[in-house]
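User: I would like to go through the internal features of this protein with you, beginning with its enclosed spaces. Please give the reasoning behind each answer.

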Amino acid sequence: MGTLLEPTHASRADAPTTRLDALVIGAGIAGLYQLYRLREMGLNVRAYDTASGVGGTWYWNRYPGARFDSQVEVYQYWFSEDLYKAWKPSERFPAQPETERWLNFVADHLDLKKDIQFNSPIASAHYREKDGRWTVTTDAGERIDTQYVLACCGMLSAPLVDRFPGQSTFRGEIHHTGRWPKTGVDLKGKRVAVVGTGATGIQVIQTIAPDVAEMKIFVRTPQYVVPMKNPRYSQAEWDVWASQFHDLKKRVRSTFAGFHYDFENRPWAELTPGERTEVLEKFWKEGSLSMWLATFPEMFFDESVSAVVSDFVRGKMRERLRNDPKLCNLLIPSDYGFGTHRVPLENGYLEVYLQNNVEAIDCRSTPIERIVPEGIQTSDGKVHEVDVIILAVGFDAGSGALSRIDFRGRDGRSLKEQWKQEIRTAMGLQVHGYPNLFTTGAPLAPSAALCNMTTCLQQQVDWITDCIGYARTRGKKTIEATREFEDNWVKHHDDTAAATLVVKTDSWYMGSNVDGKPRRLLSYIGGVGNYNRQCDELAASGYPGLAMN
């Protein structure tokens, strides 16, 4: 491995340029593994991250209640059995602090931090056609000359922070859940507003409810929820999981969503109504995303099946809301089916609304108009006075993190401007017109939303690394997805998505939460196992569709 120049933050014209074989953007799940793989290949590689430490999602999302909703036994790295066994998680769905510690443990175990530059947001990356390399610039003015750019920016890492007019006028504190202060926020005895009831908002609401004096919850889109069952893990229990390492590693790569469970029940049409209910009850009690991703795949395609499954979940929710008509109308979805949006896991979330100090505001009938010095003003003219506003309003998902960097490819084309018109990729791994730029967690791959993230991100890193190795052994300097290959993938992606009910709904899965964002299902819905097979076939055939020069 070559010797790196010291990082340069000066903007002087004579400041040296750091020269690399490969630059990794991000030090989260994907970035750490990508750094490890390329370094093992002998490349001169360095990772850059905006944060002051490793973790990616698990660095930034330190809001109250942040935790996994993938079981920890499969939210793992699979390249080292020893690494798997060396860390014992405390519970089935660990909270953010433990996960951040785990990723620091991984980085230290592999001695990765010496090759990571923190507090260094990437501002731009411009491709040079004359020599097939990239000029990358940090926001501090450091210039890096690199052959490959590996964008491991994360699928949910571009928070929608400036969401409402007047935010700067608020006299209290405003915090976005995706940029929660490391020092924490004192909410005890405060009047708190929570805006947003997606997976994040739900975790916040159920966690802070015992501490706040008053809570106003601004509800626009109700969510189907599944109760989380989160047992503690003893060392003996973890040893049992560790003994299954190789089986789990193989299993997650072939299932629909990258978990160790899959759709393995008898087809819906072959079961009686009673038998269908038995299956739903069984997985409801499981307390995991298996209720969504291991019951009946027909719910994604058949409106009649979707209706039955949705009614089952609605019934469970009504019981917990004590059949309160106002709360049921506000909090139980009626205009989309279970599973066509992201399904949050929760623990006592619905019961919060039964507390006397909690008020739910219906943002469908009275939307938020603006933030005022005293609090939040809704369209009926009412001002909801609070001390703290928590914005759980989501992200510019999938494409946002890449669009916020000034990527310029062949002929100066701008990725940001292209994606304003249409979001396209070649299998979520490359974009035509941007040679030697590889992406993980990008649109049109399962990793954008419909996968256990460690499964899909590692698969992408491995595929990218093998592709670079293939080109290097053949003396090729550039790798670029052809237009034809990208066109074919976009068509396959869209055809697959069009067969589902997901594309008929509005959610961040479709980019609906960002004004003006082109409408397209961000994640490939053909299944993780199917996607991996196609990637494997592409590699085994010598990467047809990728131009190597």
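User: What is the volume of the second largest cavity?

Analyst: The model is a predicted one. A search of the whole structure finds two cavities of 30 Å³ or more. For the second largest cavity, the volume is about 30 Å³.

User: How do the residues that line the second largest cavity divide by class?

Analyst: The lining consists of Gln-223, Tyr-224, Tyr-336, Gly-339, His-341, Arg-342, Val-343 and Pro-344. Gly counts as polar in this classification, whereas Tyr, Val and Pro count as nonpolar and Arg as charged. The division is therefore four nonpolar, three polar and one charged.

User: What is the volume of the largest cavity, and how many nonpolar residues are in its lining?

Analyst: The residues lining the largest cavity are Phe-68, Val-72, Tyr-75, Gln-76, Trp-87, Pro-89, Pro-94, Glu-98, Thr-99 and Trp-102. Two residues of this lining are polar and one is charged. The volume is about 50 Å³, and the number of nonpolar residues is seven.

User: Which helix gives the most residues to the largest nonpolar core?

Analyst: The largest nonpolar core has 140 residues, of which Met-215, Phe-338 and Trp-463 touch the most other members. The greatest contribution to this core is eight residues, and it comes from helix α15 (residues 453-473).

User: Which residues does Trp-463 contact, leaving aside its neighbours within four places in sequence?

Analyst: Trp-463 is one of the three residues that touch the most other members of the largest nonpolar core. With its neighbours within four places in sequence left aside, the contacts of Trp-463 are Leu-429, Phe-438, Cys-535, Leu-538, Ala-539, Tyr-543 and Leu-546.

User: How many residues are in the second, separate core?

Analyst: Leu-20, Ile-122, Ile-144 and Trp-419 are among the members of this second core. The core is separate and has 26 residues.

User: Tyr-543 is in contact with Trp-463; is Tyr-543 buried or exposed?

Analyst: Tyr-543 lies in the loop between α17 (528-540) and β20 (546-548). Phi of Tyr-543 is near 60°, a positive value in a residue other than glycine. Because its relative accessible area is 5%, Tyr-543 is buried.

User: Is Asp-411 buried or exposed?

Analyst: Asp-411 also has a phi near 60°, positive although the residue is not glycine. Its position is the loop between β17 (406-408) and α14 (415-421). The relative accessible area is 67%, so Asp-411 is exposed.

User: What is the handedness of the disulfide between Cys-451 and Cys-456?

Analyst: The search of the whole structure finds one disulfide. This disulfide joins Cys-451 to Cys-456 with an S to S distance of 2.1 Å, and both cysteines are buried. Since the torsion about the S-S bond is about 95°, the disulfide is right-handed.

User: Why is the sulfur of Cys-152 too far from the closest cysteine sulfur for a bond?

Analyst: A disulfide requires cysteine sulfur atoms within 2.5 Å. The closest cysteine sulfur to that of Cys-152 belongs to Cys-153, and the separation is too far for a bond because it is 7.3 Å.

User: Are Cys-152 and Cys-153 buried or exposed?

Analyst: Buried means under 20% relative accessible area. The relative accessibility of Cys-152 is 7%, so this residue counts as buried. At 15% relative accessibility, Cys-153 likewise counts as buried.

User: Which residues does Asn-61 contact, leaving aside its neighbours within four places in sequence?

Analyst: Asn-61 lies in the loop between α2 (57-60) and α3 (81-86). With a relative accessible area of 8%, Asn-61 is buried. Leaving aside its neighbours within four places in sequence, Asn-61 is in contact with Ala-66, Gln-96, Thr-177, Gly-178 and Phe-395.

User: What distance separates the C-alpha atoms of Leu-83 and His-126?

Analyst: Leu-83 lies in helix α3 and is buried, with a relative accessible area of 4%. Not counting residues up to four places away in sequence, Leu-83 touches Tyr-77, Phe-105, Val-106 and His-109. Leu-83 and His-126 are 43 residues apart along the chain, and their C-alpha atoms are separated by 37 Å.

Note on methods. Residues numbered from 1 in each chain as written. Predicted model: local features only at pLDDT ≥ 70, side-chain atom pairs only at ≥ 80, totals over all residues. Heavy atoms only, no water. 1 Å grid on protein atoms, 1.4 Å probe; cavity = no way out; pocket = protein on both sides within 12 Å on 5 of 7 lines; lining within 4 Å. Points joined across faces, edges and corners; volume = space filled by probe spheres on them. Core = buried A, V, L, I, M, F, W, Y, C linked by side-chain atoms within 4.5 Å. Buried < 20%, exposed > 50% of the residue type's maximum accessible area, 1.4 Å probe, protein only. Helix = DSSP H or I, 4+ residues; strand = E, 2+ residues; numbered from the N terminus. Contact = heavy atoms within 4.5 Å.
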